[in-house]
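Biologist: May I ask for a close look at one part of this model, taken step by step? Please explain each term as it arises.

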Amino acid sequence: MIVLNPFSEKIFNFDDRLIRFAGECIFFTRKLDKSYENEYYKNQPIRSSGSSSLNFGESQGTVTDKDLIFKLTLVVKELKESRNSLKILHYINEGSQDVRTLLLIEVEELIAIASKMIINKNN
């Protein structure tokens, strides 16, 4: 089976990439088998990927650099939670390996971008 790469289209707007990542996490988890373990671990990437996008949206309304940095650290925290849940699903070999791999690559890039934003604001 050939898996189309939803991340092949380059998006340069960070907010749009977070939205796409959250959406792709939902699409990925919808296809997981229904079991206690899957229900537990599939809910986390849905919550944390969506939360990273929502926190970034909130960061756009901050007044001070300190508030912006705080919101960006929440974005990184939520992305790392998404990454860990995806790694657990990867470890137990749940869902499409190709899609898991694409999601793990994307989350690493998003973490790097958000972390760089924090570093740039601190300098």
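Modeller: α2 passes α3 in a left-handed crossing (the near helix is turned anticlockwise from the far one by less than a right angle; clockwise would be right-handed). The model is predicted, so local features are given at pLDDT of at least 70 and side-chain atom pairs at 80 or more, while totals for chains, interfaces and linings use all residues. Residues are numbered from 1 along each chain, and side-chain values rest on heavy atoms, without hydrogens or water.

Helix α2 covers residues 36-59, and its axis comes within 8 Å of that of α3, the two crossing at roughly 160 degrees (lines fitted to C-alpha atoms over the stretch in contact, with angles from 0 to 180 degrees between N-to-C directions). The helices α2 and α3 are therefore roughly antiparallel to each other (over 145 degrees).

On to the next pair: α3 and α4 pack with their axes 9 Å apart, at an angle of about 160 degrees. That angle makes α3 roughly antiparallel to α4 as well. The crossing of α3 and α4 is left-handed. Where α3 meets α4, the contact has 16 nonpolar, 5 polar and 7 charged residues (charged: Asp, Glu, Lys, Arg; nonpolar: Ala, Val, Leu, Ile, Met, Phe, Trp, Tyr, Cys, Pro; polar: the others, with Gly).

The loop between α3 (65-91) and α4 contains Asn93. Asn93 counts as exposed because its relative accessibility is 53% (exposed is over 50%, buried under 20%). The backbone of Asn93 has a phi near 60 degrees, a positive value in a residue other than glycine. Along the chain Asn93 and Ser8 are 85 residues apart, and 23 Å separates their C-alpha atoms.

Ser8 leads to another site, since Ser8 is among the residues that line the second largest pocket (an open set of points on a 1 Å grid where a 1.4 Å probe fits, with protein on both sides within 12 Å along at least five of seven lines; lining residues have an atom within 4 Å of a point). The lining also includes Asn5, Phe7, Lys10, Ile11 and Phe12, together with Arg17 and Arg20, and then Leu102, Ile105, Glu106 and Glu109. Two elements, α1 (14-30) and α4 (97-122), each give two or more residues to this lining. Helix α4 gives the most, with 4 residues. By class, the lining of this pocket has 5 nonpolar, 2 polar and 5 charged residues. Helix α4 thus appears twice in this account: α4 packs with α3, and α4 also contributes to the pocket lining.

Terms used
Buried < 20%, exposed > 50% of the residue type's maximum accessible area, 1.4 Å probe, protein only. Parallel < 35°, antiparallel > 145°, perpendicular 65-115°, else oblique.
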